[in-house]
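Q: I'm new to this one and would like a close look at a single part. Could you take me through a helix and what packs around it, then out to the rest of the chain?

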Amino acid sequence: MIYLDHNATTPLAPQAREAVIRALDQLGNPSSVHEPGRLARNLLDEARRQVAALVNVHARNVIFTSGGTEANNLVLRGVAARHGKGRILVSAVEHSAVLGPARDLAAAGFSVELLPVDEEGRVQPAAVAERLGPDVILVSVMAANNETGALQDVAEISRLVRAAGAVMHTDAAQYAGKLPLDFAATGAHLMSLSAHKLNGPKGIGAVITDGSIDLVPQISGGGQESGWRSGTENLPGITGFGAAAALALQELEERRLRLAALRDRLEAGLAARPGITIFSRGAERLPNTVQFALAGMTGETLQMGLDRLGIAVSTGSACHSQSTEPSHVLLAMGVAPEVARGAVRASLGLGNTESDVDALLAALDKVASVLPVGAAAW
Ligand SMILES: Cc1ncc(COP(=O)(O)O)c(C=O)c1O
């Protein structure tokens, strides 16, 4: 099987596996003051420093959560609960881990507005500026989109949001580990990360905070994670995250160049074939992601055909649903529903090679060959 679905999840790095296993055998509770507790605390502190280094912050600015979904929920619900009322702006192309809590907050009486995107999937800072006002409490715009890979101008949007006195959040689950990420340079107050998108274990993530935001914790108890997220820490997950973050930081440039070269090879191959649309091609994107459609074929049919030929890609944002609705990301970009229904995403990762890319292109030709003559034109 050739795995080309790294935006859904990535294989665990050997270094991360070792760190997980070491921590599984660590007896102590990091909150205990005796020696086993102190040893567990040391592992926790070391991992916190490693995750902090990936985004160039101090370790105290890292709050561990059970993943990117909890990180986003903590930020949206926690900031909303602190304010009690107000307007919340989220981009129309956010992951469901932002859109879900945003929807819940709308049902609870907050005014939630979707920020539109252009045809490449970018939030225009002017569209944010237009909607900002004294009653806006929170703005959430992702750093990179999980489907198209399109990057947002988070720094400029943060500047506007800060000037308006609102809280800026960015979901960087897909960005971290693929491109250099300096938290301070994003200008955001809060940022979400997820370990399993960067060769760490599943079920662990973090909120990065600049230290200036006061939110209402969504899980209360023993006051761990500076009171933001109670519960005995998931030490194996956290140490695995730390090891994966350290490795990602060390290999960042090499990975970026390697993935971009593979992505370019894939796109050149796609562009040379009839009936293929590549989405967000005009935007700055993650180096590993290509979302495309083959005219005349649904994304599900294409994905299943490739699966039968031993190639794993996904339709839409398949890391979370079996939905056959066209992607909300593509619809927000103004893509026609019948075109959006054809979308599949190939997302490359560390183990992939040129021959994997060539195998995808060859498999695509095989799957496309069942289309009636002339079908591969809109
Ligand atoms: C952009 C984005 N945010 C959040 C998440 C959720 O992260 P997790 O799977 O760690 O809950 C994902 C992936 O599923 C994602 O792609």
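A: Let's start with what lies over the buried residues of helix α1: the cover includes α2 (35–54) and α8 (235–271). Keep in mind that this is a predicted model. Helix α1 itself spans residues 14–24, and its buried residues are A16, A19, V20 and A23. Looking down the axis of α1, you'd see those buried residues fall within an arc of 100°, so they line one face of the helix. The spacing fits a general rule: an α-helix has 3.6 residues a turn, so residues three or four places apart point the same way. Now turn α1 around: on the other side, P14 and I21 are exposed.

One of the covering helices, α8, leads us to the core. The largest nonpolar core has 112 residues, and α8 gives the most to it, with 13 residues. The core members with the most contacts inside it are I88, L138, V139, A176, A206, I208 and A244. Pick L138 to get a feel for the packing: leaving out residues up to four places away in sequence, L138 touches L76, V79, A80, I88, A166, V167 and H169. As a general point, nonpolar side chains in soluble globular proteins tend to be buried together.

That core isn't confined to one domain, either. It draws at least three residues from each of domain 1 (2–8 + 252–368) and domain 2 (14–247). The centres of the two domains, taken over C-alpha atoms, are separated by 27 Å. Where domain 1 and domain 2 touch, 25 residues come from domain 1 and 23 residues from domain 2. On the domain 1 side of that contact, the elements giving two or more residues are α8, β10 and α10 (328–332), so here's our helix α8 again, as one of the elements listed there. The residues of that side divide into 10 nonpolar, 11 polar and four charged.

Just before α8 there's a loop worth a look. E225 is found in the loop between β8 (205–209) and α8, and S226 has its place in the loop between β8 and α8 too. Neither residue is a glycine, yet E225 has a positive phi of about 50° and S226 has a positive phi of about 55°. For context, most residues other than glycine have a negative phi. Is E225 buried or exposed? E225 counts as buried because it has 20 C-beta neighbours inside 10 Å, whereas S226 is partly exposed, with 13 other C-beta atoms within 10 Å.

β10, from the domain contact, takes us to another helix. What covers the buried residues of α9 includes β10 (289–294), β11 (311–312), β12 (314–315), β13 (343–347) and α12 (354–368). Helix α9 runs over residues 299–308, with G299, L302, Q303 and L306 buried. Seen down the axis of α9, those buried residues fall within an arc of 95°, so they line one face of the helix. Just after α9, G310 takes a positive phi of about 90°.

Last stop, the ligand. It is surrounded by 15 residues, and the closest are G67, G68, T69, N146 and S194. The shell around the ligand divides into four nonpolar, 10 polar and one charged.

Methods. Residues numbered from 1 in each chain as written. Predicted model: local features only at pLDDT ≥ 70, side-chain atom pairs only at ≥ 80, totals over all residues. Buried ≥ 20, exposed ≤ 12 C-beta atoms within 10 Å, placed from the backbone. Helix = DSSP H or I, 4+ residues; strand = E, 2+ residues; numbered from the N terminus. Arc of directions from axis to C-beta. Contact = placed C-beta atoms within 7 Å. Core = buried A, V, L, I, M, F, W, Y, C linked by C-beta atoms within 7 Å. Domains from an automatic or database assignment. Nonpolar A, V, L, I, M, F, W, Y, C, P; charged D, E, K, R; others polar. Near = placed C-beta within 6 Å.
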